[in-house]
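Trainee: I have a model open on my screen and would like to talk it through with you. Could we settle the terms as they come up?

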Amino acid sequence: MPAPVSMTGFAGATFATPLGQAAIEIRSVNSRFLDLTLKVADDLRAFEPHIRERIGARLGRGKVECRLSVQRAAAAESTRLSAAALAGLQRLGDQVRQALPQAAPLSVADVLAWPGVLETPPLDAEALRSAVLAALDEALDRLQESRAREGAAIADGLRSRCDGIASIIDRLRLRLPELRAAVERKLTERLNQALGAPLAAAAALTREEVAERIRQEVTLYGLRADVDEELSRLATHLEEVRRVGRRLDFLMQELNREANTLGSKATAVDLAQSAIELKLLIEQMREQIQNLE
């Protein structure tokens, strides 16, 4: 079976941006299609189309939630003094002191409060976009690794259940001659008891002719009740599951169909029980397959 990929996974990454420290989280669960929900900080909302495009290119299916947050750097870290504004303020201070020698000098707080002294450098939008998409790629790589690990675990479970189904098939095949003989013997006895005398009396048949007629009916019933064909088809579908690893939903339907037919033909308690065991294993496989991409 080719290595399948689960739709369940989680990954995260933290990274530095021109705005400050940022974090990204991606989690996914199974879904028939790609169902993407983005929860992006307002400062980064302009990059939503790029994020959607990048995720859509990497993930085929799954209900995916992506959270992107940013912790803005403190104002003092991103703000700087304007040399030109300081020089202008100094010239004005000199002029004031010449006119008013007794005037008190400006305090640091006064200087910082003067319009234009503090300036914030323009945001580099391209650097911010590059940082976001680089972190997104890293998170997606980790998510795919997580989904691959989960897929490998599911594959192991499917193989184990395939082995269980194969074991039931082998066990039933070994018992088929015994089961056929027991059914024919029991049916012959009952038919002889219930119909032997009435048939002979009503149709003036010899005892040998009645026995031959009953034998023919038993043989016909045995052919209808024979499960060898169902066991063969189960084994064929099982090999297809192991080999292909695709179209698994369809193969589960076919396996379940054969298990149902096997159960409807059950002529012994252990055969009926085996059919139930098969259906349980097939249902467990079907539930796991729903989580594969």
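Mentor: Let us begin with how elements are named: helices (H or I, at least four residues) and strands (E, at least two) are DSSP runs, numbered from the N terminus. This is a predicted model, in which local features need pLDDT of at least 70 and side-chain atom pairs count only at pLDDT 80 or more, while totals for chains, interfaces and linings use all residues. Residues are numbered from 1 along each chain as its sequence is written, and side-chain values use heavy atoms, with hydrogens and water left out.

Trainee: Okay, where does Ala 155 lie?

Mentor: Ala 155 belongs to helix 5, and it is buried at a relative accessible area of 2%, where buried means under 20% relative accessible area, exposed over 50% and partly exposed in between, with a 1.4 Å probe and protein chains only. Its C-alpha atom is separated by 7.2 Å from that of Ala 3, although the two residues are 152 apart along the chain.

Trainee: And Ser 146, what is that in contact with, sequence neighbours aside?

Mentor: Ser 146 also lies in helix 5 and is buried, with a relative accessible area of 14%. Leaving aside neighbours within four places in sequence, Ser 146 is in contact (heavy atoms within 4.5 Å) with Thr 8, Gly 9 and Phe 10.

Trainee: Switching to the sheet, in what order do the strands come?

Mentor: Four strands form an open sheet in the order 1-2-4-3, with mixed pairing; two strands pair if DSSP finds at least two bridges between them. Strand 1 and strand 3 stand at the edges with a single partner strand each, so one side of each has no neighbour in the sheet. Neighbouring strands are turned by 15° against each other on average, direction ignored, the axes being lines fitted to C-alpha atoms, for helices over the stretch in contact, with angles that run from 0 to 180 degrees between N-to-C directions.

Trainee: Are strand 1 and strand 2 parallel or antiparallel?

Mentor: They pair in the antiparallel sense over nine bridges, and Phe 15 stands opposite Ala 22 in strand 2. Helix 1 packs on this sheet, where it touches strand 3 and strand 4, and its direction makes about 145° with that of strand 3.

Trainee: Which residues of helix 1 are buried, then?

Mentor: Glu 48, Ile 51 and Ile 55 are buried in helix 1, and because they cover an arc of only 60° around the axis, they are on the same side of the helix; the arc is that of the directions from the helix axis to the C-beta atoms. On the other side of helix 1, Pro 49, Glu 53 and Ala 57 are exposed.

Trainee: What does Ile 51 contact away from its sequence neighbours?

Mentor: Beyond four places in sequence, Ile 51 is in contact with Leu 38, Val 40, Cys 66, Leu 68, Val 132 and Leu 136.

Trainee: Which residues touch the most other members of the largest nonpolar core?

Mentor: A nonpolar core is a set of buried Ala, Val, Leu, Ile, Met, Phe, Trp, Tyr and Cys residues joined through side-chain atoms within 4.5 Å. The largest one has 29 residues, of which Ile 24, Ile 26, Leu 44, Ile 51 and Ile 55 touch the most other members. Its largest share, nine residues, comes from helix 5. Apart from this core lies another, of 26 residues, among them Leu 158, Leu 271, Leu 278 and Ile 282.
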